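Welcome, and please open your viewer with the chain in cartoon view. We will go from stop to stop, selecting a few residues at a time.

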Amino acid sequence: NIETTPVNYSSGVFDAPHLALQASSQPDDNDGFVGITFATSDSDNYGWSAGAERTSSGVGDFVFTEHNNSATGSEKLRITQSGAATFSSTIAATSADLRNTSSGAETTALSLRNFAAGANTATALNFYPTQSTARFASIVAENTDGNNNIALSFLTSAGDTPTAALTLDQNRAATFTSSVSAKNVIANNAAEGDTYFTGGTA
């Protein structure tokens, strides 16, 4: 149903919009959708849709979906009721500024998630210092055995495909694939005592 208000004196109050899209009956959770479609073809199911999807207890998310010969379409962006934005593919941008206001407390500013759960499933953060997409450094978190034993690896490249320079396993053990150069290195081992390397390469 569509309702219109000729003049809106409400200063943005929700119950007096210029144009209101309303469901004709009470929508179901995770199913009820009220929105607009934008056709890119005279054939059915090509274009975009944007609108509100009820999630629970009368509240919902705002969803942008692309349709390529599909009525269901492929979801591209979802803004949840809490304000989180979920993108389904690559975001092209020249810069990003992620902020929070959690003074005196830790909060997550960026989450990288892989919704698969098998062994060797991983998610990565790549750094490209040039325009080449084949030359980069990477930080990779890997579910090594499918049981949420997580390893964190730092990958670097000498003009080729990046490989792990340092891996931290689920027990916090560190494995270096090459020599370690440092002024002082202290290896703590409760059973064997402390081992000290001073100067040069360990």
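The tour below starts with a sheet, visits some loops and a surface patch, and ends at a hairpin.

This is a predicted model, in which local features need pLDDT of at least 70 and side-chain atom pairs count only at pLDDT 80 or more, while totals for chains, interfaces and linings use all residues. Residues are numbered from 1 along each chain as its sequence is written, and side-chain values use heavy atoms, with hydrogens and water left out.

**Stop 1: the open sheet**

Select strands S3 to S7 (strands are DSSP runs of E, at least two residues, numbered from the N terminus). They make an open sheet of five strands in the order S3-S4-S5-S6-S7, and the pairing is antiparallel; strands count as paired if DSSP finds at least two bridges between them. Why do S3 and S7 (85–87) each have one side without a neighbour in the sheet? Both stand at the edges and each has a single partner strand, so one side is left free of a sheet neighbour. From one strand to the next, the twist averages 20°, taken between axes that are lines fitted to C-alpha atoms, with angles from 0 to 180 degrees between N-to-C directions.

Now keep only S4 and S5. These antiparallel strands are joined by 10 bridges. Pick Ser-49 and you will find Thr-65 of S5 opposite.

**Stop 2: Thr-55 and its contact**

Stay in strand S4 and select Thr-55. Is Thr-55 buried or exposed? Its relative accessible area is 14%, so Thr-55 is buried (buried means under 20%, exposed over 50%, partly exposed in between, with a 1.4 Å probe and protein chains only). Show side chains here: a polar contact of 3.1 Å joins those of Thr-55 and Gln-81. Such a contact is a pair of N or O atoms within 3.5 Å, where one must be able to donate a hydrogen and the other to accept it, and residues adjacent in sequence count only if both atoms are side-chain atoms.

**Stop 3: three loop residues**

Next, select Ser-57, in the loop between S4 and S5 (59–68). Ser-57 is not a glycine, yet its phi is positive, at about 55°. With 68% relative accessibility, Ser-57 is exposed.

Move to Asn-69, in the loop between S5 and S6 (74–79). Asn-69 also has a positive phi, near 60°, and is exposed at 52% relative accessibility.

Then choose Thr-40, in the loop between S3 and S4, which is exposed with a relative accessible area of 60%. Draw a C-alpha distance from Thr-40 to His-67: they are 27 residues apart in sequence and 9.3 Å apart in space.

**Stop 4: a nonpolar patch**

Turn on the surface and colour Leu-19, Leu-21, Ile-36, Phe-38 and Trp-48, which form a nonpolar patch with about 460 Å² of accessible area together. Strands S2 (19–21) and S3 (33–39) each give two or more residues to the patch. Trp-48 sits in S4 (residues 46–56) and is partly exposed, at 37% relative accessible area.

**Stop 5: S8, S9 and S10**

Finally, select S8 (residues 121–127) and S9 (residues 137–143), antiparallel strands joined by seven bridges. Add S10 (residues 150–156), which runs antiparallel to S9 with six bridges. Glu-142 of S9 is the bridge partner of Ala-122, and in S10 Glu-142 is partnered by Ala-151. The hairpin of S9 and S10 has six residues between the strands, and there Gly-146 takes a positive phi near 80°.

Conventions: Patches are made of residues with over 30% relative accessible area and no salt bridge: like charges are joined within 9 Å, nonpolar side chains (Val, Leu, Ile, Met, Phe, Trp, Tyr) within 5 Å. Accessible areas come from the Shrake-Rupley method with a 1.4 Å probe; for residues, only the protein chains shown count as cover. A salt bridge is a side-chain nitrogen of Lys or Arg within 4 Å of a carboxyl oxygen of Asp or Glu. Helices (H or I, at least four residues) and strands (E, at least two) are DSSP runs, numbered from the N terminus.
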